[in-house]
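Thank you all for making time this morning. I would like to walk through one structure with you, going from the strands and their pairing to the cores and then to a single serine.

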Amino acid sequence: LGAITVTPPAVPANGVTEGAGFSARISAGGIGSIFGTNLATVTTTASSVPLPATLSGTTVTMNGIAAPLFYVSPGQINFQIPWQLLSSSTATLTVTTAGATSPSINVSLTPASPGIFIMNTPSSSQGAIQFANTTTFAAPAGALPGNSSRPATTGDLLTIFCSGLGAVSNTPASGSASGSGSSLSAVQAAVSVTIGGQSAPVSFAGLTPGFVGLFQVNV
């Protein structure tokens with residue numbers, strides 16, 4: 001029998017981004033994406049929380065810390081940047097699959113890396129913004145097939161779903177869902193929002209209860 005060649009995963013120097021708006025900046029606790037080749041042998045999505053550190057044989061490490069994984073595929077990984085890296089400005093990242101590890105790359109970290117999640121539509125990209133305490137999106141009527149939507153008007157209360165807002169109170173363990181009630185995790189730094197160039201009062205900015213790495217801003 002001939003020798004079996006294992007092709008190791010590879011991540012380019014610019015292959016790690018923030019996972020909502022896909023900017024180059026990432027921060028601890030937020031959601032990130034890795035783009036590369038041979039990142040996994042199959043496409044798999046985590047089915048429960050806490051998120052696993054290994055998913056279908058793929059592991060991501062940052063400074064030797066295993067990152068919680070949402071999703072792996074041959075070309076993309078979605079993961080949570082570990083909260084343990086809050087005080088770090090850089091991290092060495094590797095991806096390991098069955099029997100092979102990628103060459104390490106250095107990734108810069110910032111205290112915050114805000115990005116608004118996007119819902120792709122047939123005609124445009126729409127921010128993941130809902131009317132507070134509803135499942136209705138602030139978007140043109142009919143713009144999001146399978147979802148209720150209407151345009152926002154002055155005085156509406158909105159919830160903006162985003163990533164990368166930085167340090168929070170009641171920090172959950174990496175990969176674990178955030179709490180609710182007295183265990184709410186609020187963003188520690190000041191958060192401001194503008195809509196149409198006008199400042200919108202922020203009533204809450206923090207982790208969305210029951211989710212991993214997902215932030216929300218209520219305005």
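Before I name any partners, let me fix one term: two strands count as paired here if DSSP finds at least two bridges between them. Please also keep in mind throughout that what you see is a predicted model.

With that in hand, take strands β7 and β8, which are joined by 3 bridges and run antiparallel, and in which L69 has F79 of β8 as its bridge partner. On the side of β2, F79 is also the bridge partner of G32, and β2 and β8 are joined by 5 bridges, again running antiparallel. Moving one strand further, 3 bridges join β1 to β2 in the antiparallel sense, with T17 placed against S33 in β2.

Put together, these pairings belong to an open sheet of 5 strands in the order β1-β2-β8-β7-β3, with antiparallel pairing. The strands at its edges are β1, residues 16-18, and β3, residues 44-45, and because each has a single partner strand, one side of each is left without a neighbour in the sheet. As for β2, which covers residues 31-35, 4 of its 5 residues are buried, so this strand is largely enclosed by the rest of the structure.

Let me step back to the overall picture for a moment. The protein has 0 helices and 22 strands. For 219 residues, a compact globule would be expected to have a radius of gyration near 17 Å, and the value for this protein is 19 Å, which agrees. The C-alpha trace spans about 70 × 40 × 30 Å along the principal axes, while buried residues make up 44% of the 219 residues. If we look at contacts with a separation of 6 or more, 55% of them are between residues 24 or more positions apart. The accessible surface comes to about 10600 Å², and 56% of that belongs to carbon and sulfur atoms.

What, then, sits in the largest nonpolar core, and which of its residues touch the most other members? This core has 26 residues, and those touching the most other members are V16, I34, M62, I77, F79 and L93. The elements that give two or more residues to this core are β5, β7, β8, β9 and β11, and the largest share, 3 residues, comes from β9. To take V16 as a case, and leaving out residues up to four places away in sequence, its contacts are V11, A24, I26, S33, I34, F79, L93, I105 and V107. Apart from this core lies another one, of 17 residues, among them F131, A138, C162 and A205.

C162 brings us to strand β18, residues 158-163, where 6 of the 6 residues are buried. As a reminder, side chains in a regular strand alternate between the two faces of the sheet. In β18 both faces are covered, with L158, I160 and C162 buried on one side and T159, F161 and S163 buried on the other.

Which strands pair with β18? Strand β12, residues 115-116, pairs with β18 in the antiparallel sense over 2 bridges, and there G115 has S163 as its bridge partner. Strand β15, residues 129-131, is joined to β18 by 3 bridges, also antiparallel, and Q130 has T159 as its partner. Finally, 4 bridges join β18 to β22, residues 215-218, with the two strands running antiparallel, and here T159 stands opposite N218.

I will finish with S149, which lies in strand β17, residues 149-150. Is S149 buried or exposed? Its relative accessible area is 12%, and because the cut-off for buried is under 20%, S149 counts as buried. The side chain of S149 reaches the backbone oxygen of P140 at 2.9 Å, and a polar atom of that side chain lies 3.4 Å from the backbone nitrogen of G142. Leaving aside neighbours within four places in sequence, S149 is in contact with T136, F137, A139, P140, A141, G142, A143 and L144, a list that includes both P140 and G142.

Notes
Residues numbered from 1 in each chain as written. Predicted model: local features only at pLDDT ≥ 70, side-chain atom pairs only at ≥ 80, totals over all residues. Heavy atoms only, no water. Buried < 20%, exposed > 50% of the residue type's maximum accessible area, 1.4 Å probe, protein only. Polar contact = N/O pair within 3.5 Å; in protein donor to acceptor, adjacent residues only side chain to side chain. Contact = heavy atoms within 4.5 Å. Core = buried A, V, L, I, M, F, W, Y, C linked by side-chain atoms within 4.5 Å. Rg over C-alpha atoms; globule rule 2.2 N^0.38 Å. Areas by Shrake-Rupley, 256 points an atom, 1.4 Å probe, with all protein chains shown as cover.
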